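Open the model in your viewer and show side chains as sticks. We will go from stop to stop, selecting as we go.

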Amino acid sequence: MSDKTMSGSDVIGRLRSGMTIGIGGWGSRRKPMSLIREILRSDLKDLTIVSYGGPDVGLLCSAGKVAKVIFGFVSLDSIPLDPHFRAARQSGSIEVEEYDEGMLQWGLYAAGIRLPYLPTRAGLGSDVMTVNPGLRTVTDPYGGQTLVAMPAIHLDAALVHMNRADAQGNAQYLGPDLYFDDLFCMAADQAFVSCEQIVPAAELTARAPVSTVRIPRLLVSGVVAAPHGAHFTSCVPDYDRDEAFQREYVAAAKDPQRWQQFLDRYLSGSEADYQRAVQTAGEGVSA
């Protein structure tokens, strides 16, 4: 079996401007933030981002990398709205396609099983149909019900972050929820997994159920060892969300000068520079 380990920069080298990229995680939970930071350092642009969004979407919008966002929500969980996404949406600088959370799931699943659409009741009787005038309904040929035909959401690439993976691409979550990371990988032409630790395959199930290994190697194009790579989102049980850092992120977004200082301090260098800056900031808070 092939060794699929690579670096974050290797992953970005496989992406192209204009792609549709799905980002796993949920709000401000287990986002592949080290890979997002790699995109920020790249010349990629005009991206369509598909996400149950959090700071992944916000940071990419702030850097002008995004042409369109397809989403169920964009939230920081403990803080309701990501400020950069809100600003981009209000200014009209990005195109948006907003769905019910279950509809987004269904669109990814349809792409994953190579269907053009899947029928659903979600969206009926709501403004989802109004804000997405391209949606169509279908009639159940067996019972005559009217259902929404949720179109497949095909991805050029998917980026997800997991707790553990082996070198061949089998990936494991150890927290309370997989979210829909498996569907993002299914829906994509190529999927890249960053993880807290790469371990031998046998270790994935030595102390955890087989059911936690929910992303099989057949779906994965590359694996990146990225300790603390979900920061500042959570990656339980390895670490919780960095609430102090998240508040700093939101506060900095309110003022251009403070935002430039934030960029200079945290996002002007490499991933190693970022992690050192975060550690220094944390030591300052604890002091």
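Which residues line the largest cavity? Keep in mind that this is a predicted model. Select Met 33, Arg 37, Leu 59, Phe 232, Phe 245, Tyr 249, Phe 262, Leu 267 and Tyr 274. These residues form the lining of the largest cavity. Its volume is about 40 Å³.

Now colour two helices, α2 (33-40) and α9 (243-252). These are the elements that give two or more residues to this lining. Then colour the lining by class. Eight residues are nonpolar, none is polar and one is charged. The charged one is Arg 37.

Next stop: the other cavity. The structure holds two cavities of 30 Å³ or more. The second largest has about 30 Å³ of space. Select Arg 29, Arg 30, Tyr 179, Ser 234, Cys 235 and Val 236 to see its lining. By class, that lining has three nonpolar, one polar and two charged residues.

Last stop: Thr 139. Select residues 136-139 to show strand β6, which includes Thr 139. Is Thr 139 buried or exposed? Thr 139 counts as exposed because its relative accessible area is 55%, and the cut-off for exposed is over 50%.

Stay on Thr 139 and show its surroundings. Beyond the neighbours within four places in sequence, Thr 139 is in contact with Gly 144 and Gln 145. Then draw a distance from the C-alpha atom of Thr 139 to that of Pro 119. The viewer should read 9.1 Å. Along the chain, Thr 139 and Pro 119 are 20 residues apart.

Key
Residues are numbered from 1 along each chain as its sequence is written. This is a predicted model: local features need pLDDT of at least 70, side-chain atom pairs count only at pLDDT 80 or more; totals for chains, interfaces and linings use all residues. Side-chain values use heavy atoms; hydrogens and water are left out. Helices (H or I, at least four residues) and strands (E, at least two) are DSSP runs, numbered from the N terminus. Buried means under 20% relative accessible area, exposed over 50%, partly exposed in between (1.4 Å probe, protein chains only). Contact means heavy atoms within 4.5 Å. On a 1 Å grid over the protein atoms alone, a cavity is a set of points where a 1.4 Å probe fits but cannot get out, and a pocket is an open set with protein on both sides within 12 Å along at least five of seven lines; lining residues have an atom within 4 Å of a point. Grid points are joined across faces, edges and corners, and a volume is the space filled by probe spheres set on the points.
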